[in-house]
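Work through the following exercises with the sequence and the model side by side, and try each task before reading its solution.

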Amino acid sequence: MSSHNESILREPLITGKNITYAKITDDVLWPVENKPNKAWWIGFIVAAMGASLWVVAVGYTFWNGIGSWGLNKTVGWAWDITGFVWWVGIGHAGTLISAVLLLFRQNWRNSINRSAEAMTIFAVICAATYVVSHMGRPWLAYWPLPLPNQFGSLWVNFNSPLVWDVFAISTYFSVSLVFWYVGLLPDIATIRDRATGLRRRIYSIMSFGWNGSVKTWQRFEIVSLVLAGVSTPLVLSVHTIVSMDFATSVIPGWHTTIFPPYFVAGAIFSGFAMVQTLLLITRKVLGLENYITMFHIESMNKIIVLTGSIVGVAYLTELFIAWYSGAEYEQYAFLNRISGPYWWAYAIMMTCNVVTPQLFWFEKIRTHIGISWILSIIVNVGMWFERFVIIVTSLHRDYLPSSWVMFYPTWVDISIFIGSIGLFFTLFLLFIRVLPSVAMAEVRLLVKSSSEQAKKKLIGEGKLKAEEAEHYKESLKKYDSVEQADYANI
Amino acid sequence: MSKIKYILGLFDDPDEMMDGIDKLKQNNFSVYDVYTPMPIHGIEAKLGVKRSRLPIVAFCCGITGTCTALTLMWYTLSYDWPMNIGGKPNFALPDFIPITFELTVLFCAFGMVGAFFFRNHFFPGRAPRVMELRATTDKFVIAIDANLNTNHQQIDDLLKEAGATEIKHNDRKYVSYE
């Protein structure tokens, strides 16, 4: 039943007065049903310019080949795979929010899962573009698929982690897309039933005929639950397999068993940072402060400090094991990371991923929107450098000192990277214009139990223990969307 | 027979709607269906809707995926074109676990969602069969078949008593778009 009262000790997930089912719909659909404002256009134009740069740079790569990148015979993998792993990692937070938090019945996911899942899909698209562009001959992209071919059906090697990765990424992308779209159906139906004319026709096609009957909802809920159940191990497997691209090789610095958990923690870490970067702006620009509250921001910051610490422990473990292994090449690989010519990349990685996120232990900092936003960007930078450190510094000094080199990116490398960010933001900005950025149906579930107004009514009725009500009022102080004066007299 | 086909009771509050269902049931009226803008927990038991069997479909599809993956890898690497890869066995099961897992998930997810779409008759472009347009926004709607339940006055009274904000007597089943 939707009518049970939640414990007063829990912080509200929706703030604001007079929140009704209709108001939620109006608030969330405001950007979809109205003409975009100036901020959106500026953002979109900048992002679209970035995306055009991406088209130019990738087109140039296809025309001239991989030689247009800064790769050389020692560093055969650099910004392309760095960008790929970075984007795949970023994608992981969306699935974590939509699947893992659903299994744990964390209701705060309800208002952020939609945009986080969209972010997952766009990040995986960006990652996939790297895969295709670094193939060099993208028209042969079907080669890793197990298809009978003209060489007398010589099959792909299923023992290869690169083939595993093809399966993992494509499964991850398609399952995430399906999960996201199924969740969108009821909300698309809402837009459809409020629209007229051509818009109604378009959303009608997209809504697949959703009508919200008892049986549809029942099936919808069970489908969401089972998809969450299979997506949870899926998301863990994807970055595990990405890490095996490295860990199953025999390159010092890559050939370690810690890679899977370390990559998964890093992926969640960078993903939550990107969700934070996007949502802090989205809530402001779209006026969603009542739905994406300080509680959400603080919870995500807590996850960032946790996963950041796990990543820090992994870095230190790597160093310890390199020393403890007694393997000369392994020891040198790590010595070179710290004190070699790429020491600055290692220092950036350590600072941005391990040191600065520790600031989130302070409540003042993790509930401060501006600082949270800056720290989330720092994490994104740090996680890019982590992949750069792992990839380039492990390769650039190989077994033969005469072939030791440095890696210098060309304008094509840089443009593809900047362009992929442009592509990501173009897709995200289009998404918030045409689809509801908050899962309305799921947020409606919270109105009667977890909203500020419902809890305020409970306090007003005076049946609660005084110290519990006091604790609750204390917890509201950090919210920027709560009228503090209202609580002075009750 | 009157021309009224369906009686709709529109509620603003899900709990009042549940109350309405109870009242109708106590007076032996049958509920055709309920349309809500969000899932209502516990409504299935009230209306006697059976548990969904979709999880069984998901399991069967998942197992199919597992078998497909193992068969594919056995056929290609052990039967059709066995190769010596680093002296490893042709059927190197530990190496096959990642792809087996991925295909299990893939088949499970697509099979289940496919079955969900099939059972609900969902497909792109399907004309939505909607009785009340606001049922996807903020109204909780109980629909009652007016031909099976003939005492319309009593239905209206019961719905009103439960807290319905609006009662509609529709002479067509679905609100047509055109």
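**Exercise 1.** In this predicted model, determine how many residues of chain A are in contact with how many residues of chain B, and then describe the side of chain A that touches chain B by element and by class.

*Solution.* Counting the contacts gives 57 residues of chain A against 63 residues of chain B. Assigning the chain A residues to helices shows that α1 (21-33), α5 (161-194), α6 (197-206), α7 (214-247) and α15 (440-444) of chain A each supply at least two residues of this side. Among these contributors, α7(A) gives the most, with 16 residues. Sorting by class, finally, yields 30 nonpolar, 19 polar and eight charged residues on the side of chain A that touches chain B.

**Exercise 2.** Locate A:R105, state the sign of its phi, and decide whether A:R105 is buried or exposed.

*Solution.* A:R105 lies in the loop that runs between α3 (79-103) and α4 (113-133) of chain A. Its phi is near 55°, a positive value in a residue that is not glycine. Most residues other than glycine have a negative phi. For the last step, exposure requires 12 or fewer other C-beta atoms within 10 Å; A:R105 has 7 C-beta neighbours inside 10 Å and therefore counts as exposed.

**Exercise 3.** Carry out the corresponding analysis for B:N28, giving its place in chain B, its phi and its exposure.

*Solution.* B:N28 is placed in the loop between α1 (14-26) and β2 (33-35) of chain B. Although B:N28 is not a glycine, its phi is positive, at about 60°. Because 8 other C-beta atoms lie within 10 Å, B:N28 is exposed.

Conventions
Residues numbered from 1 in each chain as written. Chains lettered and ligands numbered in written order. Predicted model: local features only at pLDDT ≥ 70, side-chain atom pairs only at ≥ 80, totals over all residues. Contact = placed C-beta atoms within 7 Å. Helix = DSSP H or I, 4+ residues; strand = E, 2+ residues; numbered from the N terminus. Nonpolar A, V, L, I, M, F, W, Y, C, P; charged D, E, K, R; others polar. Buried ≥ 20, exposed ≤ 12 C-beta atoms within 10 Å, placed from the backbone.
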